[in-house]
Amino acid sequence: MVAAVLAFAAILAVWVNRQVLNTDNWTTASSRMLESPAVRDQLSAYLVDQLYANVDVEAQIREALPPRVQPLAGPAAGLLRDRIELRAREALSRPKTQELWEDANRAAHQALMRVIDGDVESVQLDVKALLEQTEQQSGVGGRVAGALPAGAARITILRSDQLDGVQAAGKLLKSLPVVLVLLSLGLFGAALAVAPGWRRQAVRAYGAGLVAAGAGALVASSLAGDAVVGTLAQTAATEPAVRDVWGISTTLLEEAAVATIGYGLVMIVGAWLAGPSAWAIALRRNLAPYLREPALAYGAFAVLAAVVVLWWSPTPATRNPVTAIVLLALLALGFEGLRRRTAAEFPRADRADAQQRMRQGLARLGQSTRATAGAAAGRASELAATASAQARARSAGSAHEPSAEDLRLERLERLVTLRADGILDDEELRAEKARILSGDDGQQPPAPLAR
């Protein structure tokens, strides 16, 4: 339990370490942020605000206009503001401008690292180069850019009164992830050492703990995101940008959490393979002839490990040489435990017997599949036959049911028969015929007559 709790804390510490203290990851994240339209909108608005705050654009326009139209400088400056903001958004989507944004963020993060080491006293994100690029794209010319003060478009990330806390937190975060990971793994190893008869349960429990830790980190990220967005987004217009920034910043956290869930599932599956269930015992029996031979067993393990860990590299840890070696070592320990257990359970396992059992099992599976498919086909055939019979019955019933016109004709034919037999005379025939044709005979439709 304690090892699982430490694993949860390690996920958060690893994320902060990799996101905040790694210059390359910081710069990559900043580049992805600029790909967001919402972020570009907010940054372009900031650049235009900086331009108008540091330069009297109206005065610059007034100087360029003839005296008679100089009163139009104010409205022209307002119209120009919208044009500059539109051009700024377009410029921020271009590779050259994005490179300037990356350079500014890289320089800011390098200053942050020097703050942690105690070399500098402040951290600022200098986007003046972006402002100058925006000015060029907007067509204002070089006069405005030349009038920008040196401190324009600088975003203060850390103030001097925050340096002590940042330095302490930075030094702690440099070593905290390694400490937490080692403590978690060490406690897990201690659980295995003190309970020899409970090792499979310990592996399964720690795997479940890792799954819970990863899921908890994802939940914490979601809840923290709502809190961050609610705190930093002062208006509804800025909320999409803040949410996108948080989503990009927590990408590494989500990767670490999902990877931890994957590690836990691998441990749970491994514990199941070593368990007492009928399927697990049958699988170990069939694999025993191969697992009892170390060269053959570890050859297959090496191929599988090379494909999954070195080629596929599904998690961030598998893409780091040091952590990849640690993962391979842990997998090898678990594999060796399963191999020894299987060899002790089935010391006389033979390949021919295993192959025969596998063929028999596949044959039984095929027979069962065919029987199931045959039963399903028979049932479908019965349902189809029943539906067809019901349809024919409905069709036959509707075909033999006489209509009103058929009944009228039948009565007329009966009148002719009665007249021919002498039962009715001509006058009675005409009267009855008139009543039938008018529909006023006052009788229920009779059953069809046999002819």
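This is a chat about a few features of a predicted model.

Visitor: Where should we start? Which residues make the nonpolar surface patch?

Guide: Trp-272, Trp-279, Leu-283 and Leu-287 make it, and the patch covers about 470 Å².

Visitor: Okay, and which helix gives the most to that patch?

Guide: That's helix α13, residues 278-291, with 3 residues in the patch. Trp-272 sits in helix α12, which runs over residues 251-273.

Visitor: Is Trp-272 buried or exposed?

Guide: Somewhere in between: Trp-272 has a relative accessible area of 41%, so it counts as partly exposed.

Visitor: Back to α13. At what angle do α13 and α15 pack?

Guide: The angle is about 105°, and the axes of α13 and helix α15 (residues 321-345) are 9 Å apart. That makes α13 roughly perpendicular to α15.

Visitor: Which residues make the contact?

Guide: On the α13 side you have Arg-284, Ala-288 and Leu-291. From α15 come Phe-335, Leu-338, Arg-339, Arg-341, Thr-342 and Glu-345.

Visitor: New topic, salt bridges. How many are there?

Guide: The count comes to 14 salt bridges. Side chains of opposite charge can pair when their charged atoms come close.

Visitor: Cool. What does Arg-81 meet in a salt bridge?

Guide: Its partner is Asp-49, at 2.4 Å from N to O. This pair links distant parts of the chain, since Arg-81 is in helix α5 (residues 73-92) and Asp-49 is in helix α3 (residues 37-54), 32 residues apart.

Visitor: How accessible are those two, Arg-81 and Asp-49?

Guide: Arg-81 has 28% relative accessibility and counts as partly exposed. Asp-49 is partly exposed too, at 39%.

Visitor: What about Glu-90 and Arg-87, how are they separated along helix α5?

Guide: They're 3 residues apart in α5, so about one helical turn separates them. Their side chains meet in a salt bridge at 3.9 Å, N to O. Glu-90 is partly exposed at 34%, and Arg-87 is partly exposed at 26%.

Visitor: And which residue does Arg-341 form a salt bridge with?

Guide: With Glu-345, where the closest N and O atoms are 3.9 Å apart. Both residues lie in helix α15, 4 residues apart, which is about one turn of the helix.

Visitor: Last one: which residues do salt bridges with shared partners join into one network?

Guide: Asp-41, Glu-85 and Arg-89 are joined that way.

Note on methods:
Residues are numbered from 1 along each chain as its sequence is written. This is a predicted model: local features need pLDDT of at least 70, side-chain atom pairs count only at pLDDT 80 or more; totals for chains, interfaces and linings use all residues. Side-chain values use heavy atoms; hydrogens and water are left out. Patches are made of residues with over 30% relative accessible area and no salt bridge: like charges are joined within 9 Å, nonpolar side chains (Val, Leu, Ile, Met, Phe, Trp, Tyr) within 5 Å. Accessible areas come from the Shrake-Rupley method with a 1.4 Å probe; for residues, only the protein chains shown count as cover. A salt bridge is a side-chain nitrogen of Lys or Arg within 4 Å of a carboxyl oxygen of Asp or Glu. Helices (H or I, at least four residues) and strands (E, at least two) are DSSP runs, numbered from the N terminus. Buried means under 20% relative accessible area, exposed over 50%, partly exposed in between (1.4 Å probe, protein chains only). Axes are lines fitted to C-alpha atoms, for helices over the stretch in contact, and angles run from 0 to 180 degrees between N-to-C directions. Angles under 35 degrees count as roughly parallel, over 145 as roughly antiparallel, 65 to 115 as roughly perpendicular and the rest as oblique. Contact means heavy atoms within 4.5 Å.
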